[in-house]
Amino acid sequence: MVVASPSPLRTKKTKAVGIPTIDLSSSCRSKLSESIVKACEEYGFFKVVNHGVPKQVLARLEDQGAGFFAKSAAEKQRAGPATPFGYGSKNIGRNGDTGELEYLLLHTNPHTISERSKAISNDPSKFSCAVNDYIEAVRDLACAILDLVAEGLWISDKYIFSSFIRDAHSDSLLRLNHYPPIKDTKDCDPSLQLHQFRSNPIGFGEHSDPQILTILRANDVGGLQISLHDNGLWVPVPPDPNEFFVIVGDAFQALTNGRFKSARHRALANSSVKPRMSTVYFGAPPLNAWISPIPEMVSPQNPSLYKPFTWGEYKKAAYSLRLGDSRLDLFKIH
Ligand code: GA4
């Protein structure tokens with residue numbers, strides 16, 4: 001069985017919900033690809049185990065991230081504002097979204113990383129090595145998953161999805177998030193207290209990722225929640241620092257003509273004594289690449305749901321809206 005053990009998760013008001021766990025070391029490729037497709041269709045979210053990314057690669061990036069976030073505010077600001085790439089604190093995007101976190105947002109291009117590292121770290125080559133090794137490993141993981149999806153969907157071009165993010169001009173990003181522990185609502189933004197009274201404040205608000213595929217890894221502090229089946233219930237995801245979580249993005253929803261749904265997720269600020277740290281890779285196409293439902297997903301019974309758009313156009317639309325908006329609706333054929 002490839003879906004090893006759907007880890008039972010409990011929401012406040014519902015019975016246990018299983019999140020699929022995919023064992024990438026499984027020797028039966030056809031079963032593996034089938035179970036990944038099923039997870040993408042049913043949840044848009046799954047966990048991968050036996051992924052083959054060495055522990056040192058994860059540990060080195062976590063150390064570098066922790067070193068950066070431990071710096072003084074003035075030093076962190078030297079990394080430049082996160083619009084488009086750099087350090088951000090509490091502000092998300094450009095339209096007034098806020099959250100109880102600080103972060104580093106980086107483009108994955110290796111030259112950009114080495115340039116940026118000079119303003120981020122006192123040992124820029126150590127920082128850029130840790131970041132580039134991590135990016136290479138998670139990009140390979142994302143590509144392996146995308147190739148399995150193509151096989152599971154019986155698409156003749158096995159590399160149809162992975163070629164977008166393997167492209168030298170891919171617009172993929174890496175985000176390092178740091179959620180400091182928050183003892184109670186008195187510590188956070190007063191405007192959030194109204195909505196979040198007596199519950200954990202929002203670390204990173206509800207949204208879907210605009211890209212194709214997201215590969216997320218976090219330390220042992222929880223906070224991530226996913227919204228399943230549009231029923232308004234949030235499912236907490238137990239932390240697992242050795243494994244990765246995979247999230248279907250909007251561009252994947254469009255490419256599969258809605259067969260996969262991008263997963264809405266959020267992170268709550270945590271009340272433990274330890275900060276939550278997550279490292280998130282967003283696999284994206286080059287800015288000039290066209291995204292439209294692939295021919296195998298379109299038929300007279302299943303006409304195209306979305307107008308073709310370039311990744312650049314989609315990104316522009318995403319940045320003109322709020323974090324929680326359903327931006328793919330703008331490209332729907334009515
Ligand atoms: C969500 C996924 C990635 O973190 C991100 C985010 C980006 C940002 O933080 O600048 C966005 C958000 C994300 C979606 C809508 C826009 C853009 C903030 C925002 C309000 C880096 C991305 O690519 O899209």
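Modeller: Welcome! This predicted model holds one cavity of 30 Å³ or more.

Biologist: What makes that space a cavity rather than a pocket?

Modeller: A 1.4 Å probe fits there but cannot get out, and therefore it is called a cavity. About 30 Å³ of space lies in this largest cavity.

Biologist: Which residues line the largest cavity?

Modeller: L216, A218, L224, V237, P238, P239, D240, F245 and R276 line it. They divide into seven nonpolar, no polar and two charged.

Biologist: What makes D240 and R276 count as charged?

Modeller: Asp and Arg are both on the list of charged residue types, so D240 and R276 fall into that class.

Biologist: Now for the open spaces. What volume has the largest pocket?

Modeller: The volume of the largest pocket is about 700 Å³. Its lining has 43 residues, and I92, R175, F204, Y319 and L323 lie nearest the centre.

Biologist: Which strand or helix gives the most to that lining?

Modeller: β5 does, with five residues. Several other elements supply at least two residues each, including β6 (97-107), β7 (173-179) and α9 (311-320). By residue type, the lining divides into 21 nonpolar, 13 polar and nine charged.

Biologist: And the ligand: which residues come nearest to it?

Modeller: Of the 16 residues around the ligand, R175, P210, Q211, F282 and Y319 come nearest. R175 and Y319 are also among the residues nearest the centre of the largest pocket.

Biologist: What makes the approach of R175 to the ligand a polar contact?

Modeller: A polar side-chain atom of R175 is 2.8 Å from an oxygen atom of the ligand. The cut-off is 3.5 Å between N or O atoms, so this pair counts as a polar contact. The side chain of Q211 also has an N or O atom 2.8 Å from a ligand oxygen, and for the side chain of Y319 the distance is 2.9 Å.

Biologist: H51 sits in the loop between β4 (45-49) and α2 (55-69). Why is H51 called buried?

Modeller: Its relative accessible area is 15%. Buried means under 20%, so H51 qualifies. The side chain of H51 makes a polar contact with the side chain of E243, at 3.3 Å. A polar atom of the H51 side chain also lies 3.0 Å from the backbone nitrogen of V53.

Biologist: G96 is in a loop too, between β5 and β6. What makes G96 count as exposed?

Modeller: G96 has 53% relative accessibility. Exposed means over 50%, so G96 passes that mark. Its C-alpha atom is 7.7 Å from that of R322, although the two residues are 226 apart along the chain.

Biologist: One last topic, the cysteines. How many disulfides does the structure hold?

Modeller: Zero. For C28, the nearest cysteine sulfur is that of C40, 18 Å away. For C143, the nearest is again that of C40, 14 Å away. A disulfide needs two sulfur atoms within 2.5 Å, so neither C28 nor C143 is in one.

Biologist: Are C28 and C143 buried, partly exposed or exposed?

Modeller: C28, at 31% relative accessibility, counts as partly exposed, because that value falls between 20% and 50%. C143, at 1%, counts as buried.

Definitions and conventions:
Residues numbered from 1 in each chain as written. Predicted model: local features only at pLDDT ≥ 70, side-chain atom pairs only at ≥ 80, totals over all residues. Heavy atoms only, no water. Buried < 20%, exposed > 50% of the residue type's maximum accessible area, 1.4 Å probe, protein only. 1 Å grid on protein atoms, 1.4 Å probe; cavity = no way out; pocket = protein on both sides within 12 Å on 5 of 7 lines; lining within 4 Å. Points joined across faces, edges and corners; volume = space filled by probe spheres on them. Helix = DSSP H or I, 4+ residues; strand = E, 2+ residues; numbered from the N terminus. Near = heavy atom within 4 Å. Polar contact = N/O pair within 3.5 Å; in protein donor to acceptor, adjacent residues only side chain to side chain.
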